[in-house]
Amino acid sequence: MRILLADDQSKVRFALRTLLERQPGLEIVGEATGVEALCEQIRATYPDLLLLDWELPGNVASGIVSRLRTIHPALRVIALSGRSEARRAALRAGVDAFVSKSDPPGRLLLAIQEASLDTLANGG
């Protein structure tokens, strides 16, 4: 599974990369720190999955997921946030899953595994 990381905090991106590079079958294809860079990265790499910081600078929450799927319709999106109240808004906006940044790493890995199975089931 090809994964794109989008978070404006370098420490978070580093932690995600470190965790995910240890997992078989996962490949980090790029990183973005803002919405415009994210759109460019999606066009350049066509990842299977996006790990999206829900508070990413430039994120207009209500429209970001549909904008990204206009660029890449098969894109799976897992929203990440340190704010639990962001869950409802992210799910309403159409993300495939929401993981709190305070959840244990296993929760994120499970969400990625579920997204991977969904991608395979839909012919991706």
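Trainee: What makes V12, A15, L16, L19, L80, V99, S100, K101, D103, P104, P105 and L108 the lining of the largest pocket?

Mentor: Each has an atom within 4 Å of a pocket point, where a pocket is an open set on a 1 Å grid, with protein on both sides within 12 Å along at least five of seven lines. This is a predicted model, and totals for linings use all residues, while local features need pLDDT of at least 70 and side-chain atom pairs 80 or more. Residues are numbered from 1 along each chain.

Trainee: Which element gives the most to that lining?

Mentor: Helix 1, with four residues; strand 5 (97-100) and helix 5 (105-121) also give two or more. Helices are DSSP runs of H or I with at least four residues, strands E runs with at least two.

Trainee: Why is helix 2 called roughly parallel to helix 3?

Mentor: Helix 2 (residues 35-45) and helix 3 (residues 64-71) pack at about 30°, axes 9 Å apart. Angles under 35 degrees count as roughly parallel, so helix 2 is roughly parallel to helix 3.

Trainee: Which residues of helix 2 meet helix 3?

Mentor: V35, E36, L38, C39, I42 and R43 do, against I64, R67, L68 and I71; contact means heavy atoms within 4.5 Å. By class, that contact has seven nonpolar, no polar and three charged residues, with Asp, Glu, Lys and Arg counted as charged.

Notes:
Heavy atoms only, no water. Axes fitted to C-alpha atoms, helices over the stretch in contact; angles between N-to-C directions. Parallel < 35°, antiparallel > 145°, perpendicular 65-115°, else oblique.
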